Amino acid sequence: MDEDTVIYLSISIIIIVVVIASSAKFGLVGTLMLILSIVAIFLLLLLAFADFLIVPLFTKILNITMVPAKNFTITSGQDAVVKYSNGIYYATGYLTANIYNYIFAAERETEEGPELTAAPDKWEKAIMNIHFPFKFNMIVASEDIQRYRDELETKRGLLEFQYSKEMQSTNPNPMGLENMQRQINVLQTRIDRIGEGEKPVNSIMYVESTAVGVSLKEANDALANQLSELQTIFNVFDLNLTRVIGRELYHLFKFNYLIPGLKELTSTFDVQK
Amino acid sequence: MNSGSQRLVFAVIAGIGLVCAIIMGLVPASLSPLALVLAVVALVATLVAYATKDYFFLFDSMLHMKNMTAVIDGNDPFYMAPSGDAIVVRRGEEVYATAFVKVPIYSSSTEMADEDRYNFSLLFARMISISKTPMRVSSQLHPINKDDYIARINAKLNESEVRYNTLQGDKTADPKALDRVKGEVTMWRNMLDNVSRSNSQELEVYASITAIGGSEEEAINLVAIKADEIAAGISATLGITATIVTGDEMLVFIEPDYMIPPTTISEVMKYKGMQTT
């Protein structure tokens with residue numbers, strides 16, 4: 001959870017708590033207020049953590065479409081951007097492509113040579129099985145190495161201090177010690193990798209595909225087929241491919257025309273390091 | 001993302017909610033209907049205020065919505081820079097220019113030894129870490145626009161058919177020459193059939209980078225410098241010649257109707273038909 005979410009959520013919850021605290025004296029109406037407040041908290045949490053469920057549902061029920069730019073329309077289900085040109089519908093959809101393995105690799109102490117060797121081959125085999133237009137996009141920005149290294153060393157120092165404190169305690173928790181040791185090892189591996197010349201990179205990965213149709217439904221159906229086929233094909237990379245629905249679709253569409261700064265990117269999406 | 005105006009709107013709406021909640025607490029128990037109204041206003045205001053965090057860009061268009069269509073932006077998504085080597089987007093006072101760098105990689109993993117594959121992966125990882133400003137690296141698979149190629153084959157076919165018809169009408173013509181021209185006609189016809197039947201695609205790798213400026217000229221100049229740096233970095237890392245994309249070629253990377261040109265739509269649809277049947 002980023003800093004902004006914490007601040008916005010705290011302020012919103014304070015207002016709801018004030019309503020709950022004041023509702024006690026109103027008897028039956030107070031109970032109704034309490035129920036409404038609980039519903040409001042539920043909706044607030046949905047907005048904060050699962051807005052991709054609630055907002056597209058709202059637009060779909062009311063059949064609200066959006067125009068992100070001239071000649072483009074975001075469907076009411078908020079799962080595709082459609083362009084209508086010369087009697088043809090071009091529906092574009094997106095999949096997130098978080099490479100969990102990549103994160104795990106950073107935390108592993110073993111060598112990743114075989115994986116790097118196999119990667120080009122896997123990529124080519126995957127591409128050979130795709131027979132429709134698609135894009136694999138990576139938005140990357142390398143970090144300031146010294147700052148990143150300092151951050152890691154500070155975290156390691158803190159953990160080492162906690163570890164030694166736990167060791168000196170009269171009744172040390174073996175599970176806690178093991179967990180701390182594991183975290184120290186992970187940080188040490190990352191520091192070593194920087195020492196070996198590897199640069200820490202912030203990245204956002206997503207897959208984009210465009211389908212055509214003579215009607216909106218045909219284009220959307222074809223897009224759904226293409227995206228599910230991409231999900232199957234890219235399984236070979238141990239990717240977690242999820243269809244992008246909701247406001248992130250609008251932002252990904254905009255990335256075709258401009259790539260915002262790192263601050264805006266990190267506030268909109270989860271960035272992998 | 002969260003601009004000053006968005007924070008101001010959040011503060012105003014959340015403030016209304018908080019004031020309503022406080023007044024509700026001061027209302028005597030006998031005025032419970034008024035208290036209920038204030039509570040509902042406070043709760044709705046809280047939810048709306050929170051929604052401004054991620055959906056501020058939608059608020060104005062939702063308020064001015066017509067026929068259930070919210071127009072976030074009714075203008076063209078971009079326009080081409082006069083120099084033809086970048087696209088330009090205006091966002092309020094700021095101007096964003098984006099340039100594209102083509103990364104021509106012609107080597108295939110099938111012709112690499114294990115060591116080469118490992119080295120290629122490392123070089124690729126190094127390539128994506130050359131920029132501190134966010135850069136997008138994309139691999140795009142799209143159908144090849146075979147319009148020109150088909151037109152050329154058609155012209156050859158027509159030409160050989162005319163020659164064949166002329167020779168057929170000429171009683172003094174050499175039968176061997178007639179056979180040769182007949183073979184030529186068959187060859188061009190087969191080629192035309194095969195080109196139309198098969199689905200030809202190409203995979204292109206490119207990097208795109210954006211620069212912000214106070215004016216169009218500033219943004220375009222800044223992005224040109226950045227694109228040159230990126231192209232030089234990629235060329236040096238991968239040992240290839242990365243070039244800055246210009247003109248209509250850029251549109252293939254941006255616009256869906258350029259990525260799938262009208263002449264290739266039947267191919268894309270043919271594949272789709274194969275899938276559904």
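**Exercise 1.** Which residue of β5(B) stands opposite A:Phe136?

*Solution.* The model is predicted: local features need pLDDT of at least 70, side-chain atom pairs count only at pLDDT 80 or more, and totals for chains, interfaces and linings use all residues. Residues are numbered from 1 along each chain as its sequence is written, while chains are lettered from A and ligands numbered from 1 in the order in which they are written.

Step 1. Find the strands, which are DSSP runs of E of at least two residues, just as helices are runs of H or I of at least four, both numbered from the N terminus. Strand β5 of chain A covers residues 134-142, and strand β5 of chain B covers residues 135-143.

Step 2. Check the pairing, for which DSSP must find at least two bridges between two strands. Here 7 bridges join the two strands, and they run antiparallel.

Step 3. Read off the partner: A:Phe136 faces B:Ser139.

**Exercise 2.** Describe the contact between chain B and chain A.

*Solution.* Step 1. Count residues in contact, meaning that their C-beta atoms, placed from the backbone, lie within 7 Å. In chain B 82 residues touch 76 residues of chain A.

Step 2. Find the main contributor on the chain B side: helix α2 (residues 32-63) gives the most, with 15 residues.

Step 3. Sort that side by class: 49 residues are nonpolar, 23 polar and 10 charged. Ala, Val, Leu, Ile, Met, Phe, Trp, Tyr, Cys and Pro count as nonpolar, Asp, Glu, Lys and Arg as charged, and the others, Gly among them, as polar.

**Exercise 3.** Trace the strands β2, β3 and β4 of chain B.

*Solution.* Step 1. Strand β2 (residues 79-80) is joined to strand β3 (residues 87-91) by 2 bridges, and the two run antiparallel. B:Met80 lies opposite B:Ile87.

Step 2. This hairpin has 6 residues between its strands, and B:Gly84 takes a positive phi near 75°.

Step 3. Continue to strand β4 (residues 94-103), which is antiparallel to β3(B) and joined to it by 5 bridges. B:Val88 has B:Ala97 as its bridge partner.

Step 4. In this second hairpin 2 residues separate the strands, and B:Gly92 in the turn has a positive phi of about 65°.

**Exercise 4.** Where does α5(A) bend?

*Solution.* Step 1. Helix α5 of chain A (residues 113-128) has 16 residues.

Step 2. Compare axes fitted to the seven residues ending at a residue and the seven starting there; the angle between them is the bend. The helix bends by about 35° at A:Ala119, and A:Pro120 follows within four residues.

Methods
Expected span 1.5 Å × (residues − 1). Contact = placed C-beta atoms within 7 Å.
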